[in-house]
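Welcome! Here are a few exercises with worked solutions to try with the viewer open. Have a go at each task before reading on.

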Amino acid sequence: MAPPKLIPFSIDTPPPIPLEQDDLNVSKLLKVMEHNLESVYNVPGYQHSHDELSHTELKVTGTLPTDLEGVYLRNGTNIQFTPNNLRLHAFSGAAEPPGKVKTWTVNVDSGKVVDEQILLNHHDERPSLNIEYVGCASRYCYHLDEECDGYMGKGVLKYDMLDKKEDAYFSYGEMYGGEALFDPRANARAENDGYLLDLLMDENTLDSIIIDAATRQEIARLHLSQRVPFGVHAAWLSSEEVASLAT
């Protein structure tokens, strides 16, 4: 059976709903226009995308793993209509202090922190890990490298929490990325036996990348047909997790 015909649609025009006077007053107090003109998010990569595509063929570089099946969800900055009275990205994340990787040792009897160390002190944040090891002794975590521009990542750092050292780094080159999500390989034999999944983008293109977490080598790249606005947050649901949502 042939897939449904591709039907693009656009919702560029907001509905004719008048703004309340209170909304206008708040907009004026927040200096929305001035804020948006100076915002670090006022760049082409954050421009909204109002077209939706489905059932379109994708070009693939490399070979897709046969045991990787699920749904990749991206939570970005896209909104339904072009804002005219709202601040761009109300929380100015790019103005935050640099992220740090820290470790705490807690006395379980007293509930007090007895030791605190800074392991990394240069814009590494939003780490992912093999969630099957949560609550157990684990070694690896995978950090988004935001040292370049502050609001998107330029690579993923694999960090060894036991030896307290950088294990490997995968650069995204000229593209930007978000959280690198770890998904264990079927019948995995080690903690880092799995895949790192991320969405890479620039102002005009969008790729979905799959990296071998153990070897740090790129396995496959899906070249998507439409860009989405810059953003870093995402989630991966395996086919089993998707099926459980329907029960």
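**Exercise 1: A leucine in a loop**

Leu64 sits in the loop between S1 and strand S2 (70-75). Keep in mind that the model is a predicted one.

Task: Decide whether Leu64 is buried, partly exposed or exposed, and find which residues form a nonpolar patch with Leu64.

Solution:
- Step 1. Start with the relative accessible area, which is 40% for Leu64.
- Step 2. Compare this with the cut-offs: buried means under 20%, exposed means over 50%, and partly exposed lies in between. Leu64 is therefore partly exposed.
- Step 3. Now look for its partners: Leu58 and Val60 join Leu64 in a nonpolar surface patch. Together the three have about 210 Å² of accessible area.

**Exercise 2: The sheet that contains S1**

Task: Work out the strand order of the open sheet with five strands, and say which strands are at its edges.

Solution:
- Step 1. Follow the pairing from strand to strand: the order reads S1-S12-S11-S10-S9, and the pairing is antiparallel.
- Step 2. Look for strands that pair on one side only; these edge strands are S1 (59-62) and S9 (181-184).
- Step 3. Check the twist: neighbouring strands here are turned by 20° against each other on average, direction ignored.
- Step 4. Zoom in on one pair. Strand S11 (residues 206-212) and strand S12 (residues 218-224) are antiparallel and share six bridges. Asp207 has His223 in S12 as its bridge partner.

**Exercise 3: An open sheet of four strands**

Task: Give the order of the four strands, and explain why one side of S5 and one side of S8 have no neighbour in the sheet.

Solution:
- Step 1. Recall the principle: strands of a sheet pair through backbone hydrogen bonds, either parallel or antiparallel.
- Step 2. Read off the order, S5-S6-S7-S8, with antiparallel pairing.
- Step 3. Strand S5 (124-128) and strand S8 (165-171) are at the edges and have a single partner strand each, so one side of each lacks a neighbour in the sheet.
- Step 4. For the twist, the average turn between neighbouring strands of this sheet is 30°, direction ignored.
- Step 5. Inside the sheet, strand S6 (residues 140-145) runs antiparallel to strand S7 (residues 155-160), with five bridges joining them. The bridge partner of Tyr142 in S7 is Lys158.

**Exercise 4: The whole chain**

Task: Summarise the chain by its secondary structure, burial and contacts.

Solution:
- Step 1. Count the elements: there are three helices and 13 strands.
- Step 2. For burial, 34% of the 247 residues count as buried.
- Step 3. Among contacts with a separation of 6 or more, 57% link residues 24 or more positions apart.

Methods: Residues numbered from 1 in each chain as written. Predicted model: local features only at pLDDT ≥ 70, side-chain atom pairs only at ≥ 80, totals over all residues. Heavy atoms only, no water. Pairing = 2+ DSSP bridges. Helix = DSSP H or I, 4+ residues; strand = E, 2+ residues; numbered from the N terminus. Axes fitted to C-alpha atoms, helices over the stretch in contact; angles between N-to-C directions. Patch = residues over 30% accessible without salt bridge, like charges linked within 9 Å, V, L, I, M, F, W, Y side chains within 5 Å. Areas by Shrake-Rupley, 256 points an atom, 1.4 Å probe, with all protein chains shown as cover. Salt bridge = Lys/Arg side-chain N within 4 Å of Asp/Glu carboxyl O. Buried < 20%, exposed > 50% of the residue type's maximum accessible area, 1.4 Å probe, protein only. Contact = heavy atoms within 4.5 Å.
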